[in-house]
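Biologist: I would like to go through this model one element at a time. Please give the reasoning along with each answer.

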Amino acid sequence: MQTVQHQSGAEGVDTHAGADVDEIMQKVAEHKGCGTSGGSGKASCGSGAGENDLPPEIWEKVKNHPCYSEEAHHHYARMHVAVAPACNIQCNYCNRKYDCANESRPGVVSEKLTPEQAAKKVLAVASTIPQMTVLGIAGPGDPLANPEKTFKTFELIAKTAPDIKLCVSTNGLALPDHVEQLSKYNIDHVTITINMIDPEVGAKIYPWIYYKKKRYHGVEAAKILTDRQLQGLEMLTERGILSKINSVMIPGINDQHLVEVNKAVKSRGAFLHNIMPLISAPEHGTVFGLTGQRGPTAQELKALQDSCEGEMNMMRHCRQCRADAVGLLGEDRSAEFTTDKIMEMEVSYDLESRKAYQAAVEKERDAVVAAKKAEMESLAGEHSDIKMLIAVATKGGGKVNEHFGHAKEFQVYELSTAGAKFVGHRRVDLYCQGGYGEEDSLATIIRAINDCHAVFVAKIGGCPKNDLKAAGIDPVDQFAGEFIEQSAIAYFKDYLDKVKSGEVEHVERGDAQIRQGALTSAEAA
Amino acid sequence: MAYKIVKDNCTGCSACEPECPNQAISETKDGLFVIDPAKCTECIGHHDEAQCVAVCPIDDTCIIDDNYPRYQAA
Ligand code: SF4
Ligand code: SF4
Ligand code: SF4
C-alpha cells in the first residue's frame, strides 16, 4: 500500500534493491528485540509500534496507514472497493455463495463495482472524508485472480488521486505472477493471508485450489499454495515492497502451528504479522461453520499473539473490516456511498485541502505522543508484576471520547509498569443483530470485556455503572475527552498505589468472548 | 456438446469467464453468467478438465447440458 507520491517506488527500489532490502531487513531484525531493559521488556513492541520503534524508512511508509500502524488507525481511514469477486482457491472459513473476502470471515459485500465505478467512489469518498488515505482491494475474491480489474482500478486512481496509498490483500496463489506489476504501480504494501506452511495442516483449511488450468485437492493443493505464498513473499521483500501477513487462528487446526508460520514469514522479510480469530457460526454456511469448528477466545488469541510477539511486530488492531467498508477502522459509512449515490455526485478532488487537513492531524498525533511520554515519566521507578487490561470507548483521535451506551467496540489496553500497550479491540454491536434483545446488550458487553479490570468511557448511565461494578469491572468516566494512554497510565499508577496501601486487592480476571460477525453499521442499525 | 450454468447456483463471481478457452461464457444483465452452447467444446482439445467446472466455487453449478450431444473432437 503505497503513497504514489512520497516513496521512491518502482525504479528507486529496483536499482539498488539488494542493498536496500538487506538494510531494511537488518533493521527490522534488530528492532524485534524491543530494546526495553528489564521487567516485561516487550512493551514498546508490537502493534503499538510508534515512531521510535521502527526504522525511519519503514515508519515513513506506514505511519499514515491505518491498517499497519495502530497509532495511525486512530486518525486515518481506509476504504476497500470490491472490484474483484473471482477467487482461485477455496477456504473452509469462506462461503462463496454469499461472497467473501480475503480476510477471516464470510464477507458480506453488497455491490460489485467496475474499475471505473470504483475509481469514482474513491474520489467521492476522499473528497468527503479527508482522513481517507488508503485504498485497498481485498475481497470478495482475490484481487490477483482478477488482475485486469485490480490493476485498472489502481491505474485510474493513481492518475486522479495521487496522494492515496494503494494496497492489495491476496491469498498468495497468484502473487509471484504479479509482483512485477505491483511494483510498477508503486504498491509498496501487500497483505498475504498465510494460515499454514505445512501442507498437512493446509489440507484441513483449503479443500481445493485452481492453479495452471487445473483443480488440485488436499495436501497437493496446500503444498502448491504454501510454496507460492512463500515465493511471493520473498519476491516482495527482494523488491522492497512491505508485506503484512494475516493468519486466521483456527483452534485445534493451526493454532500451535502459527508459531512456525510466524518464524517462516519473519525469516522471509514480512514486516507485520496479524493473527486474527476465526469467525465461525453455522448461519454463515461455511464449512467450518457447519462442522461446528469454534473460534478462539480472547485469552487464547492474546496468548498466541504474545508468544509470537518476541519474533516480530504483531498487529492487534485489525477489525477484519468488511471488504467494501468505508471509514475509520471500526466505523462504517458505506451506506453514504452506494453506487447509485456516487454516480450522481459531482466530485471535485481537492488535493490542497486534503493536505491541510492531514497536517492538522499530524499535530494532534504529536500531542498524543507527548502526553503519553510525560505520563510515562511518572511511572519511572515503579516496580510491580501486576498487569491488567482495560477497555476504552473511543471515537478516534486517541481519546476517551465515546459514551458507554454508544460504543460499538472497545479498545483494549494492557497496563503494566512498562506503560499502556494496545492489545486488541472487542466489538459489542452484535446485540443489535438477531438473537439478542436490548436487555441483553449489557450482558453481551460484559462478556466481551470480562477480562478487563476497568472500562474508560466519556459518559455512562447509573444502571450500567452498577452492573459493571457487580461484574467486577470498574467504570471510569473521570478521563472523558482525555488522551487514552496518558489516562490509562495515570489510572494504573493510582491503582498500584491503592494495592500498595491495601485499599484494593489485585485479582486476575477471567476470559472474554470474541463476537462472531462482521462489523457493519448497516447491519447494526 | 456443451456445459451449462445452473442459474440458481451461480453467484456471479465471474471466475469462469476469463478461463474459458472458447470465450463461451458471458455475463447476463442480472450479473450472472451463461455459457453459449454453440461455442463450448467442453474444453476438449484445450485442457484436461472443463475450466468452468474447475474454477467455479459452487459445486454442481457448471454441469453437462443434456440437451446437447457430447462434443466430438474434430
Ligand atoms: S481466498 Fe478469500 S475469497 Fe477466496 S475462498 Fe478464501 S476467504 Fe474466500
Ligand atoms: S467447458 Fe470449457 S469450453 Fe465449455 S464453457 Fe466451460 S470453460 Fe468454456
Ligand atoms: S464461476 Fe461459477 S459461480 Fe462464478 S460466475 Fe461462473 S458459474 Fe457463476
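What follows is a set of questions and answers on the chains and ligands of this model.

Modeller: This is a predicted model, where local features need pLDDT of at least 70, side-chain atom pairs count only at pLDDT 80 or more, and totals for chains, interfaces and linings use all residues. Residues are numbered from 1 along each chain as its sequence is written, chains are lettered from A and ligands numbered from 1 in the order in which they are written, and side-chain values use heavy atoms, with hydrogens and water left out.

Biologist: What percentage of the residues of chain A count as buried?

Modeller: Chain A holds 17 helices and 15 strands; helices (H or I, at least four residues) and strands (E, at least two) are DSSP runs, numbered from the N terminus. Buried means under 20% relative accessible area, exposed over 50%, and partly exposed in between (1.4 Å probe, protein chains only). Of the 525 residues of chain A, the share that counts as buried is 61%.

Biologist: Is strand 8 of chain A enclosed or open, and how many of its residues are buried?

Modeller: From strand 8 of chain A, A:L242, A:K244, A:N246 and A:V248 point one way, and A:S243, A:I245, A:S247 and A:M249 point the other way. In a regular strand, side chains alternate between the two faces of the sheet. Strand 8 (residues 242-249) of chain A is largely enclosed by the rest of the structure, because the buried residues number eight of the eight.

Biologist: Which residue is the bridge partner of A:T191 in strand 8 of chain A?

Modeller: Two strands pair if DSSP finds at least two bridges between them. Strand 5 (residues 189-193) of chain A runs parallel to strand 8 of chain A, with five bridges joining them. Six bridges join strand 8 of chain A to strand 9 (residues 272-277) of chain A, also in parallel, and there A:S247 stands opposite A:I275. For A:T191, the partner in strand 8 of chain A is A:K244.

Biologist: At what angle to strand 7 of chain A does helix 8 of chain A run?

Modeller: Strands 2, 6 and 7 of chain A form an open antiparallel sheet in the order 2-6-7, with strand 2 (89-90) and strand 7 (214-217) of chain A as its edges. Helix 8 (residues 218-238) of chain A packs on that sheet and touches strand 2, strand 6 and strand 7 of chain A. Contact means heavy atoms within 4.5 Å; axes are lines fitted to C-alpha atoms, for helices over the stretch in contact, and angles run from 0 to 180 degrees between N-to-C directions. The direction of helix 8 of chain A makes an angle with that of strand 7 of chain A of about 105 degrees.

Biologist: Is A:T226 buried or exposed, and what is its relative accessible area?

Modeller: A:T226 lies in helix 8 of chain A. Leaving aside residues up to four places away in sequence, A:T226 touches A:M196, A:I197 and A:P199. A:T226 is buried, because its relative accessible area is 3%.

Biologist: What is the relative accessibility of A:V219?

Modeller: A:V219 is also found in helix 8 of chain A. Not counting residues up to four places away in sequence, A:V219 touches A:P199, A:E200 and A:A203. A:V219 counts as partly exposed, because its relative accessibility is 36%.

Biologist: How far apart are the end C-alpha atoms of helix 13 of chain A?

Modeller: The expected span of a helix is 1.5 Å times one less than its number of residues. Helix 13 (residues 351-379) of chain A has 29 residues, so it should span 42 Å. The distance between its end C-alpha atoms agrees with this, at 43 Å.

Biologist: Which residues of helix 13 of chain A are buried?

Modeller: An α-helix has 3.6 residues a turn, so residues three or four places apart point the same way. The buried residues here are A:R354, A:Q358, A:V361, A:R365, A:V368, A:A371, A:E375 and A:L379.

Biologist: How many charged residues does the shell around ligand 3 have?

Modeller: A residue is near a molecule or strand if one of its heavy atoms lies within 4 Å of it. Those around ligand 3 include B:C10, B:C13, B:C16, B:C56 and B:C62. Ala, Val, Leu, Ile, Met, Phe, Trp, Tyr, Cys and Pro count as nonpolar, Asp, Glu, Lys and Arg as charged, and the others, Gly among them, as polar. The shell has eight nonpolar and four polar residues, and the number of charged ones is no more than none: no charged residues.
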